[in-house]
Amino acid sequence: MAQSPMSNVEAPQKPEKIHLPRTSESESLKKIRHTASHVMAMAVQKLFPGTQVTIGPWIENGFYYDFAKPEPFTEQDLKAIKKEMVKILKRKLPLIREEVSREEAERRIKELGEPYKLEILQDLEAPITIYHLGEDWWDLCAGPHVETTTDIHPKAIDLESVAGAYWRGDANKAQLQRIYGTAWETPEQLTEYKRRKQEALKRDHRKLGKDLGLFILSDPVGPGLPLWTPKGTILRSTLEDFLKQEQIKRGYQPVVTPHIGRVDLFKTSGHWQKYKEDLFPMMGESEAEGFVLKAMNCPFHVQIYKHELRSYRDLPMRLAEFGTVYRYEQSGELGGLTRVRGFTQDDAHLFVTPEQLDDEFLRVVDLTLFVFNTLGLQDFKARLSFRDPSQDKYIGSDEAWNKAENAIRRAVETLGMGHFEGIGEAAFYGPKLDFMFHDALDREWQLGTVQVDYNLPERFNLEYVAEDGTRQRPVMIHRAPFGSLERLIGILIEEYAGDFPFWLAPVQARLLPVSDEQLTFAKDVAQKMRLVGVRVEVDTSGDRLPKMIRNGEKAKIPVMAVVGAKEVESDSLSVRIREAGKQSQDLGAIPVVQVVERMESAIANRQNFEVKS
């Protein structure tokens, strides 16, 4: 057969893996970005006299400063500010640290007419430090900073955007203007950062989700509450079925729990006291009789365990649920599927004896790694999320926390797994092993998590009958390999740039009949595929073949098959496959029976449709 018009279509290229350090990973970047924020504020006040400054910290990919200015900043203003920043950098101004008394700082601030700085000063503890940019500008600051402005390359900075921001994050206070910027050690890093931002726009799951018809964000329904279309629902169901089948093999028992529960249930667990502001408002006239939308599944699973007395012979008990939970995230924190108000967790809670804890924890980690491997998520690291002893947000005894943290340490050491500790990242009731995934653009996401919990069994008075007949307390393991379906799907859309693996794609194959004469054959083949579980469509548009091919590529269909007169005569299909990050491949004519067999095998083994010798 002649070369198909599909042969000129190229798959999207994955960006090369160049590490761009986050600010928290680099003392050098911390100084550069902190200083760049001061340089920006100095430039703003020179260009726009009367503008008041508030705070200007570094953030993980750059910096920002909040300004009080009546007129909004424009794109032209940002260009002028950046130009002025370059002039300041080239002046080789020293960064000079000065300690002053509170009274002296107050005097100087009043001279400048900066009321926001006065409010900041009230919250500062001694010593009060000021950083000067040469002799022209200063601000209250604890540092750190570079020595002189020439330590920042003028071609390694950029201003990115302007956004609104309330003073101190309080919607009842003044609205300010926040200018975001970025700064790097070298111009090459800035170029790479910009390239990744452009690539991120192409991969943005919100845009691709709309283009591929996977989900809808509807303002009448409400922000942070995605609606799943038929194709998106197939994607969700495929992921759910994959994990459900694997869990059954590993001894998990499925359960279903309500979407609401009594306030008292969450008081016992401690969630009401710790996260009341993050829950949706209570329904009912009093807390004694009130109900709330559930924000977590664990108290419900505890009740299933507790409804009858368990024996040591019943343990481990592994209860699993794809349970939808609701959290009242602030509107400014919402983002597509990665931060929503209603999301479905692949939640499971395991009730084990203390002697079973280590072995069961390893089994959970094994399941999590199996899930990641199947989904092609390879670039991750393990974070031991432990408590910060200096904080009082945790419940339970030191003994319980030490036992739980030691169990997690033993697990990663037994597995020889690379890891790092995240002090202060623990849940309020127990430490966690979190899997931090880096996507195709080297952004970090938390996906799977495994938690050891001695505290909820204590608070709910859980028991089992031990071998010696005594009543003992079980240990709980909380685990969610996906984390949440919404966030996982958002990440997968961007990781694959919408080109899902064959087994996962909402539409796995599309048949392209060249004319109406081949339509009946194409529909018969499609039915054979459906009988073995293939999600297949027949293009009945009547368009010319090149347009059908372009539409299939745009829809990112993994397998397309041209059906012409020769294919009907030979009972074959001319197959073309695409795979994320790879060149589209023309496989030529393949007998229908072989195509169907390969598709059935690929689905069963969760693989791509591949050529076999």
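Visitor: How many bridges join strand E27 to E28?

Guide: This is a predicted model, in which local features need pLDDT of at least 70, side-chain atom pairs count only at pLDDT 80 or more, and totals for chains, interfaces and linings use all residues. Residues are numbered from 1 along each chain as its sequence is written, and side-chain values use heavy atoms, without hydrogens and water. Strands (E, at least two residues) and helices (H or I, at least four) are DSSP runs numbered from the N terminus, and two strands pair if DSSP finds at least two bridges between them. Strand E27, residues 572-577, runs antiparallel to E28, and the bridges joining them number six.

Visitor: Which residue in E28 stands opposite serine 574?

Guide: Strand E28 covers residues 585-591. The residue in E28 that stands opposite serine 574 is alanine 589.

Visitor: Which strands stand at the edges of the sheet?

Guide: Five strands form an open sheet of mixed pairing, in the order E25-E24-E26-E27-E28. An edge strand has a single partner strand, so one side of it is left without a neighbour in the sheet. The strands in this position are E25 (536-538) and E28 (585-591).

Visitor: Which helix gives the most residues to the largest nonpolar core?

Guide: A nonpolar core is a set of buried Ala, Val, Leu, Ile, Met, Phe, Trp, Tyr and Cys residues joined through side-chain atoms within 4.5 Å, where buried means under 20% relative accessible area with a 1.4 Å probe, protein chains only. The largest one has 57 residues, and Leu239 and Leu375 are among those that touch the most other members. With eight residues, the helix that gives the most is H11 (residues 357-375).

Note on methods. Buried means under 20% relative accessible area, exposed over 50%, partly exposed in between (1.4 Å probe, protein chains only).
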